[in-house]
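Here is a walk through one model, taken piece by piece. Have the viewer open while you read.

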Number of protein chains: 2
Amino acid sequence: MTSRFLLSGSGGQGVISLAILLAQAASLYGGHNAVQTQAYGPEARGGATRSDVIISDNEILFPQVLHPDVLVSLTNQACAKFLPLIRPNGIMLFDSDLVQPERRMDAHYVGLPMHREVVAKFHKTQALNICVLGVLLSLTKIVDVDAVRKCLTDKFKPAFHEANNQALDLGLQLGESVERVW
Amino acid sequence: MTSRFLLSGSGGQGVISLAILLAQAASLYGGHNAVQTQAYGPEARGGATRSDVIISDNEILFPQVLHPDVLVSLTNQACAKFLPLIRPNGIMLFDSDLVQPERRMDAHYVGLPMHREVVAKFHKTQALNICVLGVLLSLTKIVDVDAVRKCLTDKFKPAFHEANNQALDLGLQLGESVERVW
């Protein structure tokens, strides 16, 4: 089984950190192989931030994601750019307040008010990417939740542990509210 | 011109952050294309941290570094693992206190006491990766120094600006002390 993630948004939304967390949790804590990539080019200047993660139990021969199984878009600009790449039957996770995707692709559209819920709970947006990680875990079961908690505990200072766990729980709850059709 | 960097060390030395900084400075601020990758697999667990950066003015078709033009190794374990991959005439930058490389490859060996100098100046090691970045800029001229300063200013909070600039200057000075033979 190989899962290809394309995570996209604007600078400052923590997309790259999210990609690194997902790759490290899956590999160092979850026992899978993982590759995480980001490309910067003329198109990246002033545009959407993108980071790719591939998780597999086999060797990963080509580290770039051409067609994601799971696309995350946290801005309209990112969504417009990357939605055409999604695989048939892929999962398109977007922020339902910030993104209005065209519904013309053969994909499972999952819109959740992640940004709004994070601001309501924490009065700041720093934990948004951890919340998104929780949603991804809920939707894909790609990594064991306890492995992710261990990763978060090891990577962050103790002062962040409680908020990180709460943000992860928030994402898990939001994810559980989604009707599975895949 | 395409330059391939393999940056390696142990977890906590800031190798991944260094890779991201180098790629962003080169692309978003320096006008080049850049790809930054890290792979995590069974070999990554408990072993050396590695992150690859490719900087080019052409399109980057394959994002992984098989044979680096520039290898950075901040631990002996990383050095032993990755030194065999270096290109003929490549630059092997290592910490001269922490790493004792075998001298059997056809490479330019540049050993500098970066860790010791950073600790002497800042009484902590957080700025080590910025110092390494300064050395890399000095040795390769891959990105304009002012573009890197702008990148550091935009990415970090004001409280870090002075220390970051000092660490970059320290690296630039250390790099200038090296006799160029390439």
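What follows goes from the whole chain to the contact between chains, and then to a few helices and residues.

**The overall fold**

Keep in mind that this is a predicted model. Chain A is built from 6 helices and 6 strands. Going along the sequence, the order of elements in chain A is β-α-β-β-β-α-β-β-α-α-α-α.

How does the radius of gyration of chain A agree with that of a compact globule? A compact globule of 182 residues would have a radius of gyration near 16 Å, and chain A comes out at 15 Å, so the two agree. Along the principal axes, the C-alpha atoms of chain A fill a box of roughly 40 × 40 × 35 Å. As for burial, 50% of the 182 residues of chain A count as buried. The contacts reach along the sequence too: taking those in chain A between residues at least 6 apart, 57% join residues at least 24 apart.

**Where the chains meet**

The contact draws on 19 residues from chain A and 19 residues from chain B. On the side of chain A that touches chain B, helix 1 (15-29) and strand 2 (33-40) of chain A each give at least two residues. Strand 2 of chain A has the largest share of that side, with 8 residues. By type, the residues on this side of chain A split into 10 nonpolar, 8 polar and 1 charged.

Which strand of chain B pairs with strand 2 of chain A? The partner is strand 2 (residues 33-40) of chain B, and the two run antiparallel over 7 bridges. Within that pairing, Val35(A) has Ala39(B) as its bridge partner.

Strand 2 of chain B also has a partner in its own chain: strand 3 (residues 49-56) of chain B, antiparallel over 5 bridges. There, Asn33(B) sits opposite Ser56(B).

Is strand 2 of chain B buried or exposed? It is mostly covered, with 8 of its 8 residues buried. That goes for both faces: one side has Asn33(B), Val35(B), Thr37(B) and Ala39(B), the other has Ala34(B), Gln36(B), Gln38(B) and Tyr40(B), and all are buried.

**Two helices of chain A**

Both helices in this table can be checked for length against the rise of 1.5 Å a residue.

| Helix of chain A | Residues in helix | Expected span | Distance between end C-alpha atoms |
|---|---|---|---|
| Helix 1 | 15 residues | 21 Å | 20 Å |
| Helix 6 | 19 residues | 27 Å | 28 Å |

For helix 1 of chain A the expected span and the end-to-end distance agree, and the same check on helix 6 (residues 158-176) of chain A also agrees.

Helix 1 of chain A has 13 of its 15 residues buried, so it is largely enclosed by the rest of the structure. After helix 1 of chain A comes Gly31(A), which has a positive phi, near 80°.

In helix 6 of chain A, the buried residues are Asn164(A), Ala167(A), Leu168(A), Leu170(A), Gly171(A), Leu174(A) and Gly175(A). They cover an arc of only 155° around the axis, so they lie on the same side of helix 6 of chain A. What do these buried residues pack against? They pack against strand 6 (107-112), helix 3 (114-122), helix 4 (128-140) and helix 5 (145-155) of chain A. The face of helix 6 turned away from the buried side carries Pro158(A), Glu162(A) and Glu176(A), which are exposed.

**Two residues to click on**

Start with Ala34(A), which is in strand 2 of chain A. Why does Ala34(A) count as buried? It has 29 C-beta neighbours inside 10 Å, and the cut-off for a buried residue is 20 or more. Leaving out residues up to four places away in sequence, Ala34(A) touches Ala23(A), Ala26(A), Ser27(A), Val53(A), Ile54(A), Ile55(A) and, from chain B, Tyr40(B). Pro63(A) is 29 residues from Ala34(A) in sequence, and their C-alpha atoms are 9.0 Å apart.

Then move to Leu152(B), in helix 5 (residues 145-155) of chain B. Leu152(B) counts as buried because it has 21 C-beta neighbours inside 10 Å. Setting aside neighbours within four places in sequence, Leu152(B) is in contact with Asn164(B) and Leu168(B). Ile130(B) is 22 residues from Leu152(B) along the chain, with 9.2 Å between their C-alpha atoms.

Notes: Residues are numbered from 1 along each chain as its sequence is written. Chains are lettered from A and ligands numbered from 1 in the order in which they are written. This is a predicted model: local features need pLDDT of at least 70, side-chain atom pairs count only at pLDDT 80 or more; totals for chains, interfaces and linings use all residues. Two residues are in contact if their C-beta atoms, placed from the backbone, lie within 7 Å. Helices (H or I, at least four residues) and strands (E, at least two) are DSSP runs, numbered from the N terminus. Ala, Val, Leu, Ile, Met, Phe, Trp, Tyr, Cys and Pro count as nonpolar, Asp, Glu, Lys and Arg as charged, and the others, Gly among them, as polar. Two strands pair if DSSP finds at least two bridges between them. The expected span of a helix is 1.5 Å times one less than its number of residues. A residue is buried if 20 or more other C-beta atoms lie within 10 Å of its own, exposed if 12 or fewer, and partly exposed in between; C-beta atoms are placed from the backbone. The arc is that of the directions from the helix axis to the C-beta atoms. The radius of gyration is taken over C-alpha atoms; the globule rule is 2.2 Å times the number of residues to the power 0.38.
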